Amino acid sequence: EQGKQIHASITVSDFEIDVCVESALVDMYAECGSVEHACKVFNNMPNRDVVSWNAVIAGYSQHGQGEETLNLFRQMQWANMKPGEVTFLSALKACAILAALGVGRQIHAHIIKCGLESDVFMGTTLVDMY
């Protein structure tokens with residue numbers, strides 16, 4: 001509830017809303033369990049960066065919404081945004097939720113191409129996915 005009040009205050013103030021502020025709002029809503037609000041803010045963003053994509057993708061993943069997580073992961077790639085560690089971790093978690101082994105293997109191959117397979121968190125998430 002306080003987050004909504006802060007969001008409303010930012011909206012009506014003269015405060016310049018940029019991609020950093022909008023990404024923080026997406027993350028705040030997602031962390032508070034309001035993935036719908038996070039997605040609404042995300043969808044209304046005129047500019048998105050890797051942080052904003054990660055915030056919404058991780059939000060869906062953390063709340064067990066695997067299909068939407070993978071849908072956003074694909075959209076991120078179509079938008080020519082390069083996925084990073086957080087993106088891959090969220091996508092792998094979604095694959096585990098959905099038991100989508102084929103998609104998980106494709107993501108794993110992409111992780112290897114990016115040189116991220118030796119990360120401890122990545123390794124643990126890969127084990128969970130497989």
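Helices and strands here are DSSP runs, numbered from the N terminus, and a helix needs at least four residues. The views below show a predicted model.

**View 1. The whole chain is built from helices, with zero strands.**
The protein has eight helices. From the N terminus on, its elements run α-α-α-α-α-α-α-α. Of its 130 residues, 40% are buried. The accessible surface comes to about 7,400 Å². Carbon and sulfur atoms hold 54% of that surface. Among contacts between residues at least 6 apart in sequence, 56% join residues at least 24 apart.

**View 2. Helix α4 is mostly covered.**
Helix α4 spans residues 50-62 and has 13 residues. From first C-alpha to last, α4 reaches 18 Å. That is close to the 18 Å expected at 1.5 Å a residue. How many of the 13 residues of α4 are buried? The count is 10. They are S52, W53, N54, A55, V56, I57, A58, G59, Y60 and S61. These buried residues pack against four helices: α2, α3 (35-43), α5 (66-78) and α6 (85-98).

**View 3. The two ends of helix α4 come into focus here, with D49 as the N-terminal cap.**
A side-chain oxygen of D49 lies 3.1 Å from the backbone nitrogen of V51. After α4 comes G64. The phi of G64 is positive, near 75°.

**View 4. S23 sits in helix α2 and touches residues around the start of α4.**
Helix α2 covers residues 19-31, and S23 lies in it. Is S23 buried or exposed? Its relative accessibility is 4%, so S23 counts as buried; the cut-off for buried is under 20%. The side chain of S23 reaches the backbone nitrogen of S52 at 3.5 Å. S52 is itself one of the buried residues of α4. Neighbours within four places in sequence aside, S23 is in contact with M45, D49, V51, S52 and A55. One of these, D49, is the cap of α4.

**View 5. The largest nonpolar core has 19 residues.**
Which residues touch the most other members of this core? They are V26, F42, W53, V56, I57, Y60 and L72. Helices α2, α3, α4 and α5 each give two or more residues to this core. The most come from α2, which gives six. V56 shows the links between members: leaving aside neighbours within four places in sequence, V56 is in contact with V26, C39, F42 and L72. A second, separate core has 14 residues. Its members include C95, I107, I111 and M122. In soluble globular proteins, nonpolar side chains tend to be buried together.

**View 6. F42 and W53 form an aromatic pair.**
The model has two aromatic pairs. In this one, the rings of F42 and W53 meet edge-to-face. Their centres are 4.8 Å apart, and their planes stand at 75°. F42 belongs to helix α3 and W53 to helix α4. The two residues are 11 apart in sequence, and the pair links distant parts of the chain. Both F42 and W53 are buried. Both are also among the core members that touch the most others.

**View 7. D27 and F42 are compared across a gap in sequence.**
D27 lies in helix α2. With 34% relative accessibility, D27 counts as partly exposed. F42, by contrast, is buried. D27 and F42 are 15 residues apart in sequence. In space, the distance is 9.7 Å, C-alpha to C-alpha.

**View 8. N80 and A99 have positive phi values, and neither is a glycine.**
Where is N80 found? N80 is in the loop between α5 and α6. Its phi is near 60°. N80 has a relative accessible area of 71%, so it is exposed; the cut-off for exposed is over 50%. A99 is found in the loop between α6 and α7 (101-114). The phi of A99 is near 55°. A99 also counts as exposed, at 67% relative accessibility.

Definitions and conventions: Residues numbered from 1 in each chain as written. Predicted model: local features only at pLDDT ≥ 70, side-chain atom pairs only at ≥ 80, totals over all residues. Heavy atoms only, no water. Buried < 20%, exposed > 50% of the residue type's maximum accessible area, 1.4 Å probe, protein only. Polar contact = N/O pair within 3.5 Å; in protein donor to acceptor, adjacent residues only side chain to side chain. Contact = heavy atoms within 4.5 Å. Areas by Shrake-Rupley, 256 points an atom, 1.4 Å probe, with all protein chains shown as cover. Expected span 1.5 Å × (residues − 1). Core = buried A, V, L, I, M, F, W, Y, C linked by side-chain atoms within 4.5 Å. Phe/Tyr/Trp six-rings, centres within 6.5 Å; stacked < 30°, edge-to-face > 60°.
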